[in-house]
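Student: Could you take me through one part of this structure up close? I'd like one helix and whatever goes with it.

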Amino acid sequence: MTGSGLRQKVARLRQAYAPHEYRPLGGYLAAMGTYGAVTASLVGLVKATGRPVPERPAPADLVLLAIATHKLSRLLSKDAITSPLRAPFTRYDHPIGSGEVMEQVRDQGSPTRHAVGELLSCPFCLAVWVATGLTGGLVLAPRLTRLVATALTAVAASDFLQMGYAVAQQAAEGGHRKE
């Protein structure tokens, strides 16, 4: 098949997949390829270093990484302070409280830029990448990874305590705030 024939086939597939909406399938494919390459690199690094891979992660590590993944994913995808990392791929929309912002993906530019914008502005999407990195870190540098994950977990717990405090304070004030 020639290059132009393949491009036509891909264009037909894109049109059949989402006839009324722009979906950057090529960008998604690039993101998936990058994720696969990063994961393969982690596996190669583990093999090259001879690090033992646990048959089953300890339950405490699973809980620690789950909470740390949640917090780091939200920090990277929604925190106002990390918006410069997302700015090339997203556009500020509005604040959503607790130091977080809502952003929209930039539609101009390449399909890869669009796909990266979706990835960086979605904590659920980003969590796969973060969990993979933390899991690789748990094998390659377990002490450091546990330390970082512990700090992220403490911040996540603090977030929930801050929100609980705010709700309790509002309830104590009769449901409305004094200015």
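Tutor: Let's start with the yardstick: a helix is expected to span 1.5 Å times one less than its number of residues, and helices here are DSSP runs of H or I with at least four residues, numbered from the N terminus. This is a predicted model, where local features need pLDDT of at least 70, side-chain atom pairs count only at pLDDT 80 or more, and totals for chains, interfaces and linings use all residues. Residues are numbered from 1 along each chain as its sequence is written, and side-chain values use heavy atoms, with hydrogens and water left out.

Now to α2. Its 25 residues should span 36 Å, and its end C-alpha atoms are indeed 36 Å apart, so the two agree. Just after α2 comes G50, with a positive phi of about 70 degrees.

What about side chains? The whole structure has 1 aromatic pair: Y35 with W129, edge-to-face, at 5.2 Å centre to centre and 70 degrees between the planes. Because Y35 sits in α2 (residues 25-49) and W129 in α6 (residues 123-140), the pair ties together parts that are 94 residues apart in sequence. As for the cut-offs, rings of Phe, Tyr and Trp (its six-membered ring) pair if their centres lie within 6.5 Å; planes under 30 degrees apart are stacked, over 60 edge-to-face, and the rest tilted.

Are these two buried or exposed? Buried means under 20% relative accessible area, exposed over 50%, and partly exposed in between (1.4 Å probe, protein chains only). Y35, at 24%, counts as partly exposed, and W129, at 26%, also counts as partly exposed.

Key:
Helices (H or I, at least four residues) and strands (E, at least two) are DSSP runs, numbered from the N terminus.
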